[in-house]
Amino acid sequence: MNEFFQTLKTQRWDDHRYYHHSRINQSLHLISALSFLVSYALLFVNPAWSALLAWCVSMTTRQAGHFFFEPRGYDHVNQATDEYKEEIKIGYNIRRKIVLMAVWVALPLVLWLSPSLGGLIQPAVGLQGYVEDVGMAWFCLGVTGLVFRVVQLWITQNLMQGLAWGFKIITDPFHDVLLYWKSPFYLLRGQLIDPMDHVSQQAH
């Protein structure tokens, strides 16, 4: 159990220090985390609408932070190139995220063209039924994406890395609120990039 929590701690630390330098990215992660928490609560009421909120608000804000605001040049804090960070990323790097988001965008079109998915599901009735089918498709995509990467990490590294990453992803909204709740205040002061002094101090 100690090994699991140490692996989780290392993954969280690397994720923060390597991929969350932008205060805008951090602030968007805060919005995403709060939205995910609402989505978690909604999951017990209506999984389809929970997935719609998670993908349309939580995931879009989160990934926008990475795609548009996170610096992609040389990381002087960690003495690492962007190529190196993309190569060692334990979760979904930019290339994997593009594939995942492309599937996310394609699913509503697939359901529109084939409401029964070739006879696999009952065709939706009306606009609300279609929207809820899209939500359930996105819910399945989220679960599949999580399980796929856990298994992939199990095969390429070890089971502990996979399980720790899966647990990290599920609990990230809680952790991100604690980690980034101050980020909007720094942003309002005009600080666009986290100086990461705590990272430099730990390195020494």
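**Pocket linings and R149**

Colleague: How does the lining of the largest pocket divide by class?
Modeller: The lining of the largest pocket has 24 nonpolar, 15 polar and 9 charged residues. Gly counts as polar, Tyr as nonpolar. This is a predicted model, with local features needing pLDDT of at least 70 and side-chain atom pairs 80 or more, while totals for chains, interfaces and linings use all residues. Residues are numbered from 1 along each chain as its sequence is written, and side-chain values use heavy atoms, without hydrogens or water.

Colleague: What volume does the largest pocket have?
Modeller: About 1100 Å³ (the space filled by probe spheres set on the grid points). F36, M59, L146, I169 and I170 are the lining residues closest to its centre. A pocket here is an open set of points on a 1 Å grid, with room for a 1.4 Å probe and protein on both sides within 12 Å along at least five of seven lines; lining residues have an atom within 4 Å of a point.

Colleague: Which element gives the most to that lining?
Modeller: α7, with 11 residues. α7 covers 159-180.

Colleague: And what lines the second largest pocket?
Modeller: Among them are Y92, R96, F148, R149 and Q152. The volume of that pocket is about 210 Å³, and its lining holds 5 nonpolar, 3 polar and 3 charged residues.

Colleague: Is R149 buried or exposed?
Modeller: Buried (under 20% relative accessible area), because its value is 5%.

Colleague: What does R149 touch further along the chain?
Modeller: Leaving out residues up to four places away in sequence, K89, I90, G91, Y92, R96 and W165 (heavy atoms within 4.5 Å). The C-alpha atoms of R149 and G162, 13 residues apart along the chain, are separated by 7.3 Å.

Key
Buried means under 20% relative accessible area, exposed over 50%, partly exposed in between (1.4 Å probe, protein chains only). Helices (H or I, at least four residues) and strands (E, at least two) are DSSP runs, numbered from the N terminus.
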